[in-house]
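Open the model in your viewer and keep the selection panel at hand. The tour has two stops: an interface, then a sheet.

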Amino acid sequence: MAGHDAVSPLRQPLVTKDRKYGEVTQDILGQIEGKPNKIWFVALAISSAVLLMGFLAVAYQIKTGIGTWGLNKTIGWAFDITNFVFWVGIGHAGTLISAILLLFRQKWRTSVNRAAEAMTIFAVMCAGVFPLIHMGRPWLAHWVFPYPNTRQLWVNFRSPLLWDVFAISTYFTVSAVFWYIGMIPDFASLRDRAEEGSIKKMIYSALSLSWTGSNRAWHRYEILCLILAGLAAPLVVSVHTIVSMDFATSVIPGWHTTIFPPYFVAGAVFSGFAMVLTLLIITRKVMNFEHYITMGHIEAMCKVIILTGMMVGLAYMTEFFTAWYSGNPYEKYVFMNRATGPYAWAYWTMVSCNVISPHFLWFKKIRTNLVAVFILSIVVNIGMWFERFVIIVTSLHRDYLPSSWAMYTPTKIEIMTLLGSFGLFFTMFLLFVRFLPTINVAEVKTVIKFARKK
Amino acid sequence: MKNPTEIKKAGQTPTYWKDVEDKFPDPASFKGEFADGELDRYYGTNNSRRDFLKLMGFSFATVPLASSCIRIPVKKALPYLEKSDQVVPGVANWYATAMDPSLGSALLVKTREGRPIKIEGNNSSPITLGGTSAYDQSSVLSLYDSSRFKGPMLDGHAKDWNSIDADLKQKLMAAVEAGKEIALITATQSSPSTLALIEEFKKYYKTTSHTVYEPHSDSAVIAANQVTFGKAVSNRYDLSNANLVVSVNSDFLGAGCGAVEMTKQYSKRKDPDAKKGAFKHIQLETLMTLSGANADVRFTISPAEEKGVLLNILGALQRETKNFYTPTGESLPSEGREAGIKIAEELLQNRGKSLLLSGSHSTSLQVIVNAINNLLGNYGKTLHVYDNPYFKGADDKSFVELVERMDSGKVGAVILWDCNPAYNYSESENFKGALAKVATRVFIGMTPDETSELTTHILPELHYLESWNDYFVAPNTVLYAQAVVRPIFDARQGQDSLLSLMGRSDFSAYLQANMDKNFYKLQSKYATTSGLWDHSIHDGTLQVNLNTKSLSDMDKNQVAHHFAMAKRASASNGFTLLTYQKSHIRQGRMINNPWLLELPDPITKATWMNYLMINPAVARAMGLKTGDVVSLSDGKFSAEVPVLSQPGVHKETVALAVGFGRSVAGKAAKGRGVNAYPTMRYMAGTFQNNKDGFSLTKTGKSVVIPQTQTHHSMEGRDLIRETTLEEYSSNPKAGNEEHAHLISMWGGHEKTGHQWAMAIDLNKCTGCSGCIVSCSAENNVPVVGPEEVANRREMHWIRLDRYYKGDENNPEVSFQPVMCQHCDNAPCETVCPVMATAQSSDGLNQQVYNRCVGTRYCANNCPYKVRRFNWFDYPHDDKYENMVLNPDVVVRSRGVMEKCSMCVHRIQEGKLQAKKDGIDLPDGAIKLACQQSCPADAIVFGDMNDPDSKVSKLLKGPRNYRILEELNVQPRVNYLTKIRNKDESYGRS
Amino acid sequence: MDVKDKRFLLGIFDDDHDIMAAVGHLRESQVEVFDCYTPFPIHGMDDAMGIKRSRLPIVTFFAGLAGVSLALGVQYWISAVDWPVNVGGKSFNSFPAFIPVAFELTVLFGALFTVLAFILRSKLCPITKPAIAHKRQTDDKFVLAIEAKDAALNEEMIRGILSKHHASEIHFSEGSTW
């Protein structure tokens with residue numbers, strides 16, 4: 001694609017420093033060939049400690065029972081499914097960047113897509129944990145798969161939870177495959193850089209599947225990437241659509257809404273891009289990738305956040321309008337209760353984080369101020385977590401029969417489990433930046449000449 | 001296993017060997033039971049193997065007969081060598097028995113493999129007509145109370161019966177010779193045999209006195225009847241002939257004794273289509289009671305107004321009827337005058353068809369009430385005072401005098417039988433002091449309590465299901481109680497204890513002899529005495545024509561005096577504290593019963609504790625909210641207790657339930673709540689239940705009162721549809737006009753064969769909550785404890801939603817039983833990923849426990865929130881309590897969803913029975929647990945495909961509706977509109 | 001295609017433009033280019049080398065077709081034939097509810113089989129030793145390989161073309177040594 005290196009005053013170089021091919025390889029792959037620095041070790045220590053804490057919390061909960069959570073007869077889901085939806089959402093940005101931006105031939109994606117995809121996979125892992133541990137009898141989790149068994153029992157294909165099982169596992173598999181395929185050429189480079197007979201060499205040559213860079217293979221390779229992107233793009237939309245159907249297909253006021261699929265997908269991209277920013281702002285600093293992950297990238301993602309943020313805001317408003325317009329007393333009550341009831345604090349946290357905070361990014365000053373962007377990206381993620389909490393808890397805690405209305409407060413165990421999922425996420429990501437090429441070297445090489453005179 | 005001692009271990013049932021001895025006290029009676037010489041071997045030690053087997057055969061045959069209660073570990077289980085003709089494994093045996101009518105009713109007991117597991121109403125009782133209360137239902141669990149005495153004790157040491165009897169006989173005789181009084185203190189006695197026995201005891205031990213002690217009772221009514229009729233008996237009411245019931249602080253549907261009987265009559269009378277014409281219930285009360293919640297017209301009155309209203313009614317009636325009991329021109333109190341006069345008018349319009357009830361503990365007021373009913377000519381029609389020879393009711397005065405005598409050392413021995421004054425006598429300290437001065441202190445009771453602590457001789461009492469007894473319930477009905485299970489612990493029925501103190505034994509024989517003596521002549525149904533015995537025990541009831549006439553000519557001369565007494569205005573200051581009985585805890589005799597403790601109070605929906613009920617406005621003014629702990633004090637008494645802001649409580653009054661705050665009791669009851677008895681006071685011959693001069697001060701502390709419902713408004717949703725009798729008579733569809741127009745994208749499934757449905761009459765349901773216990777007992781619903789209830793995790797499969805409407809000082813209350821609605825288009829089913837819940841061909845929403853993985857999605861998606869999740873492994877580790885489990889219903893494990901199954905096992909049983917009998921299942925043959933126990937007959941269950949079934953008729957009726965119809969989930973549980981006989985002319989004071 | 005028993009004339013380039021130009025020039029002069037080994041895909045190279053368009057999309061299509069039919073078939077058979085249960089009053093064959101799973105399986109099958117086809121077709125395998133003509137062909141060198149038998153026809157002209165396009169080195173090499 002290097003043919004497209006049109007020189008124009010309107011275009012900014014995607015790689016802000018004039019680098020030769022060899023230098024690119026060295027810049028990126030050199031990072032993971034040398035010894036890791038202190039910061040990395042400290043970060044890993046912290047995140048794995050948090051992961052361990054979460055693990056212990058879950059172990060205790062599985063040993064003792066779901067009663068160790070704050071749920072009750074009225075509120076059967078709270079932190080568990082909130083975290084699930086939150087993490088699935090996070091995942092979406094990765095696929096969006098790698099697949100949809102590829103289809104749209106957005107060159108700037110090349111230096112961020114690898115990390116974004118990695119994030120997707122780790123986020124989906126975190127998400128997957130929750131449907132598993134939220135079961136009353138997790139040791140029977142395999143029952144949700146339709147496999148022939150002696151009892152001649154099958155699963156219920158009408159249940160959105162079952163759709164989730166298929167959606168999430170498909171999403172994970174396809175993302176993982178796409179990610180790996182993308183890494184094959186870089187594994188080959190690593191292989192050829194490693195000295196003969198070293199274990200590194202063996203591992204990388206196995207991972208590289210004896211890739212040689214033959215242009216006949218490159219040809220198929222590019223077609224394959226397009227196909228996978230073409231499949232992943234509708235997949236990512238379907239996944240969050242199906243997740244939203246957990247709620248949309250129910251009868252509970254506040255859940256039973258047709259707006260959910262688009263609303264959830266927008267929210268997912270919104271939170272996903274925020275998380276990508278959070279991660280990359282750190283990564284580019286720690287790994288000195290400033291020239292590859294440039295302000296241009298950060299600004300581009302900020303713009304996506306503004307857009308999706310406004311979509312989410314629109315969804316909130318539409319919900320209220322529909323509730324009022326439908327004239328359904330239960331629907332009306334639920335939404336009034338969200339804004340004014342006992343969980344109003346959660347609702348307004350959500351609104352200020354998701355609807356108001358993104359608009360700061362209209363200002364270039366803020367958009368280009370890494371600290372500001374970093375903080376805003378975290379604010380957005382907090383907001384999106386609360387969005388799911390609000391949807392799940394405020395709808396359940398006051399539904400049809402006032403006699404059953406109740407309140408929910410999380411227990412220590414639940415909070416530790418939530419933190420634990422972050423521990424898992426960051427531990428995985430730290431291992432990733434150490435042992436796998438964080439930036440797609442082959443693709444970046446195709447764009448280093450972009451908007452640059454020879 | 002060669003010698004008997006090991007044999008005993010084998011079954012782990014040393015008791016059943018003892019049973020054999022009990023059953024056949026002297027070897028002679030073995031004749032015919034054994035081959036010759038076998039006995040000697042049995043009693044001898046050198047047994048051969050074959051003897052062992054024979055004996056084993058015999059004993060295992062007698063195990064079911066004796067229905068030994070100790071579970072035999074599976075690894076040691078042995079087959080019946082000789083199958084008993086009485087026990088078919090897997091098939092329940094039913095026995096008729098009765099609980100003391102002052103507490104309970106005529107009952108049927110379901111036993112499985114010898115274990116009583118369920119209490120149901122005895123339809124053959126003309127009194128309770130098959131109804132039961134939550135109290136009756138729960139009593140079976142107390143049978144297995146592991147805190148019960150395991151054996152007799154002398155001065156705190158375990159002793160065998162013979163030696164303790166010997167010691168006691170000698171001590172009692174010594175007391176007689178010393179001319180010292182032997183005080184026998186019992187609860188209310190309505191048992192002919194027991195009373196006769198006590199008379200014999202008095203003769204045997206000359207100096208014996210018998211005192212009936214009840215801490216919180218209708219003794220004022222009894223005293224008043226003594227005054228006006230010369231008979232110390234209590235009233236019997238008959239609502240079936242009443243058109244107007246005016247109740248002044250009487251919770252006749254709730255805590256009042258005979259509530260089941262009253263509820264039966266009440267709900268029949270409230271039927272809007274009843275031939276007998278309109279029925280109105282006016283309730284004037286100081287706190288919100290179950291009766292007040294059901295009233296058509298309700299007033300919230302202060303204790304002063306209570307007095308005022310009654311006096312004014314009497315005054316007005318005297319003026320109207322020109323029939324003066326009190327000096328003419330006697331001034332009348334201003335409080336409650338208006339209401340009094342208006343009510344008096346209405347009463348007059350219903351002469352002989354009205355009834356005035358009062359819950360007052362003041363004899364004078366009860367005399368006034370008698371006078372009023374007499375002026376209205378209600379005696380003999382809606383109200384009966386029988387000349388009942390078999391009744392000894394509470395006599396507070398005599399108890400107080402007894403304590404004085406004990407204190408002055410005149411009493412040589414005291415026998416406390418089924419009473420606990422050290423806990424529930426207001427002057428318990430005086431009592432303890434006086435008791436200490438009595439040399440021989442005998443305790444006859446089931447469980448350790450504050451009083452047993454202070455006694456020398458403890459003679460463990462049997463549970464009523466282990467005992468024999470008879471109860472005379474005027475008019476002319478005798479209830480018989482039989483032992484349906486062998487004693488679980490080494491205990492002895494109190495009557496047997498008295499007998500053995502007279503050197504005799506076997507009360508059941510005594511009972512039979514007594515029956516022959518007293519009642520054989522009074523009946524013509526049975527020719528032989530044995531026939532009489534067999535049938536009476538079998539039926540549990542016996543009709544005799546003992547001409548107990550209903551007295552109607554009262555002694556009017558006393559009224560004036562009591563009128564003056566009552567009028568004496570007592571200047572009230574501070575809060576008046578009203579001590580009341582919770583409708584299912586009552587006086588607290590059975591407080592150590594997890595089912596009762598976890599049962600939500602019908603009004604407050606609170607469990608496991610008592611609390612200070614306070615008017616919401618007052619609470620707000622004092623900056624108190626439910627759960628805030630205040631210190632309640634009148635100088636003499638003081639306690640820290642959480643408040644519960646309760647609509648319908650009078651502003652000047654706070655109320656505290658009795659029965660809680662036990663310092664010595666089983667683990668369920670110990671230390672729960674505060675003891676309210678010390679706030680009662682003895683005055684004018686009775687224990688008064690209200691005292692003024694109390695102050696509340698905030699402590700800043702706060703607790704969570706475990707309530708099963710915390711939101712009390714229906715938020716204007718038409719969950720409970722209601723109308724007034726007036727509108728109903730013109731338009732039967734009134735209040736039920738709107739029905740959703742429903743369309744579905746699905747074709748639906750065929751509905752052939754039986755299609756089960758239920759109709760619940762909201763007009764009949766009084767909210768008594770008996771169904772909840774019945775359901776829990778039937779379906780092994782776990783008890784989760786106060787903390788988990790506070791976490792909103794109670795497991796009850798059926799709940800009673802209670803909503804308030806209108807003025808918080810005097811709200812309109814409505815109840816709605818809600819269990820799984822068994823929707824045809826069940827939202828819970830669609831969302832279960834593993835198909836653990838699905839629709840049965842006969843329309844039940846089935847939960848498959850062992851397929852459930854516990855996603856809780858179904859519970860979330862249930863619009864009625866009736867699904868219950870096993871958050872933990874709820875303990876089933878009490879080897880005694882586990883014996884109450886129903887073997888027909890599986891005990892659910894942790895992480896599994898559960899809910900009302902519509903007693904599917906009962907449905908199957910009914911269908912099988914019909915099949916065996918080769919008939920079509922008759923309508924009403926299947927009764928669900930909740931339905932069976934309902935004293936109001938509010939629940940109807942049946943096949944809606946059968947056009948003639950009661951339920952399908954109701955479903956077609958104008959009052960029928962379904963909750964949240966518009967969701968088109970097509971519930972199988974239907975409701976009938978509530979119809980209030982409102983009278984706006986009263987306003988809602 | 002197997003290189004082990006072949007001998008090649010290699011032109012090593014430092015820039016993607018040069019190798020592109022060289023390939024174009026060679027093919028104009030009727031020289032068959034065996035293959036090029038480059039660190040990244042060079043846009044237009046496939047046309048320049050005259051590589052036939054890959055048939056992977058066909059694999060994808062049929063795999064997806066298999067996925068959707070399998071999903072719908074299995075769901076119908078399970079819910080309506082093998083174990084018909086009345087769930088929430090819905091028909092045994094609740095077709096609309098089967099769509100999500102059908103979609104997911106379509107994507108899953110499509111993706112996995114396409115990847116499989118790619119791996120097989122490109123003879124990718126974790127254990128075989130990769131045929132590396134130049135140590136830095138996955139880093140910054142661009143290798144143009146011409147089979148020796150083709151090169152032999154007009155070696156001079158070919159060498160000329162390669163050097164004209166700034167080939168840094170031109171030499172013969174045994175496939176077996178790669």
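Start where chain C meets chain B. The rule finds 0 salt bridges across this interface (a side-chain nitrogen of Lys or Arg within 4 Å of a carboxyl oxygen of Asp or Glu). This is a predicted model, where local features need pLDDT of at least 70, side-chain atom pairs count only at pLDDT 80 or more, and totals for chains, interfaces and linings use all residues. Residues are numbered from 1 along each chain as its sequence is written, chains are lettered from A in the order in which they are written, and side-chain values use heavy atoms, without hydrogens and water.

Select the touching residues on both sides. Chain C brings 11 residues into contact with 13 of chain B (heavy atoms within 4.5 Å). The side of chain C that touches chain B has 5 nonpolar, 5 polar and 1 charged residues (Asp, Glu, Lys and Arg count as charged, and Gly is among the polar).

Next, go to chain B and select 469–473, which is β17. Add 477–481, strand β18 of chain B. β17(B) and β18(B) pair in the antiparallel sense over 5 bridges (pairing takes at least two DSSP bridges). Which residue is the bridge partner of Tyr471(B)? Leu479(B), in β18(B).

Now add 541–543, β19 of chain B. The open sheet of 3 strands runs in the order β17-β18-β19 (chain B). β17 and β19 of chain B each have a single partner strand, so one side of each is left without a neighbour in the sheet.

How values were computed:
Helix = DSSP H or I, 4+ residues; strand = E, 2+ residues; numbered from the N terminus.
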